[in-house]
Amino acid sequence: MRKLYPDAAAALDGLLFDGMTICAGGFGLCGIPERLIDAIQAAGTTGLTIASNNAGIDGEGLGKLLRTRQVKKMISSYVGENKEFERQYLSGELEVEFCPQGTLAERCRAGGAGIPGFYTKTGVGTLVAEGKEVKSFDGEDYILERGIRADLSIIKGWKADEAGNLIFRKTARNFNQPMATAGKVCVAEVEEVVPVGTLDPDQVHLPGIYVKRMIVGSPYDKKIEFRTVRERPAA
C-alpha cells in the first residue's frame, strides 16, 4: 500500500468534505501539522468540527482556519493564546466544547481503542458535568465522557519509515499519538522518511497500521509562541 504522497493537497485528496470532524495533533505551536492545515485552508472546506487541545495562535496553526471561518465547532481544553478564538466564542460565532486536558486526551484514546465512553471524577460538580450522566462508584460520583471518533486525523511526526511506523520528537509527541488513533483515516506529515527496517521497533511511538497517508513537510521554520527577554545584568 503506497502511503507516501508528494504534498499535503494530494494526501488529503478525496478525504475532505464540509461538516466533517477532524482530530488535530499538537499543543500550541509544538507538533502541529502545518502543511496539512494549510492544505485544508486552501481547499476551503467549511463547517468543521475540530478536536484539538487548542487552536494555535492568531494566524498560525488552526488559527488560520478560524480566521477564514472554516471552523464551526472546537472541542478544546484551552483558548487563552488565541484572541480570534476567544472573540468568536464570546460573540457566539463559534461553538466551543470545553474539555479538561486529560479528559480530552482520554476521549481520543478511548475513541481509537473502540471504547464508546468512560467515567471520570474530573469535572464533577462543575459546568463540565452539565447534561452528562453521573454514576456513583464506591460512594464517589463520576461523570460519563464519550470517546471521540473523527472522520480524519491530522498529525505531525519527526521520523517515519515507508510503512508509516512513526517516531515523535520529545514534547511534540503531546496530543499527536491519541489523535492519530481516533480518526477513520490518519494523515501524517513528518520531517524525514527512511526505509523499512531502519527504525528500532522499540523506539516506534505509533505503529504504521494507524497511518494511511504521509507527506514529508520539511523544511520547517521554528515559530516561537512566546518570546521572553530580559535585560543583561549590569557588569
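## Cysteines

The sulfur of Cys30 lies 17 Å from the closest cysteine sulfur, in Cys108, which is too far for a bond. This is a predicted model. Cys30 is partly exposed, and its relative accessible area is 24%.

Cys108 has a cysteine sulfur at 4.2 Å, that of Cys23, yet this too is too far for a bond. The cut-off for a disulfide is a sulfur pair within 2.5 Å. Cys108 counts as buried because its relative accessibility is 0%. The structure holds 0 disulfides.

## Strand 8

Is strand 8 enclosed or open? Strand 8 spans residues 152-156, and 5 of its 5 residues are buried, so the rest of the structure largely encloses it. The cut-off for buried is under 20% relative accessible area. Both faces are covered. Leu152, Ile154 and Lys156 are buried on one side. Ser153 and Ile155 are buried on the other.

Strand 8 has parallel partners in strand 1 and strand 11. Strand 1, residues 21-24, runs parallel to strand 8 and is joined to it by 3 bridges. Ala24 has Ile154 of strand 8 as its bridge partner. Strand 11, residues 186-190, pairs with strand 8 over 4 bridges, also in the parallel sense. Here Ser153 stands opposite Cys186.

## Nonpolar core

The largest nonpolar core has 29 residues. Ile50 and Leu152 touch the most other members. Several elements each supply at least two residues of this core. The helices are helix 1 (8-12), helix 2 (34-43) and helix 3 (63-67). The strands are strand 1, strand 2 (48-51), strand 3 (71-76) and strand 8. Helix 2 gives the largest share, 4 residues.

In soluble globular proteins, nonpolar side chains tend to be buried together. Leu152 ties two of these themes together: it belongs to this core, and it is buried on one side of strand 8.

## A three-strand open sheet

An open sheet is formed by 3 strands in the order 10-9-12, with mixed pairing. Its edges are strand 10 (166-167) and strand 12 (192-194), each of which pairs on one side only.

How many bridges link strand 9 and strand 12? Strand 9, residues 159-161, pairs with strand 12 over 3 bridges, in the parallel sense. Asp161 stands opposite Val194 of strand 12.

## Largest pocket

The largest pocket has a volume of about 380 Å³. Its lining counts 18 residues. Which of them lie nearest its centre? They are Gly31, Lys156, Ala172, Glu191 and Lys222.

By class, the lining has 8 charged, 7 nonpolar and 3 polar residues. Lys156 thus appears in two places: it is among the residues nearest the pocket centre, and it is one of the buried residues of strand 8.

## Largest cavity

How many cavities of 30 Å³ or more does the whole structure hold? A search finds 1. The largest cavity has a volume of about 50 Å³.

Its lining includes the glycines Gly25, Gly26, Gly28, Gly56 and Gly61. Also in the lining are Ile32, Pro33, Ile37, Ser52, Asn54, Ala55 and Leu62. By class, 7 lining residues are polar and 5 are nonpolar. No charged residue lines this cavity, whereas the lining of the largest pocket has 8.

Terms used: Residues are numbered from 1 along each chain as its sequence is written. This is a predicted model: local features need pLDDT of at least 70, side-chain atom pairs count only at pLDDT 80 or more; totals for chains, interfaces and linings use all residues. Side-chain values use heavy atoms; hydrogens and water are left out. Buried means under 20% relative accessible area, exposed over 50%, partly exposed in between (1.4 Å probe, protein chains only). Two strands pair if DSSP finds at least two bridges between them. On a 1 Å grid over the protein atoms alone, a cavity is a set of points where a 1.4 Å probe fits but cannot get out, and a pocket is an open set with protein on both sides within 12 Å along at least five of seven lines; lining residues have an atom within 4 Å of a point. Grid points are joined across faces, edges and corners, and a volume is the space filled by probe spheres set on the points. Ala, Val, Leu, Ile, Met, Phe, Trp, Tyr, Cys and Pro count as nonpolar, Asp, Glu, Lys and Arg as charged, and the others, Gly among them, as polar. A nonpolar core is a set of buried Ala, Val, Leu, Ile, Met, Phe, Trp, Tyr and Cys residues joined through side-chain atoms within 4.5 Å.
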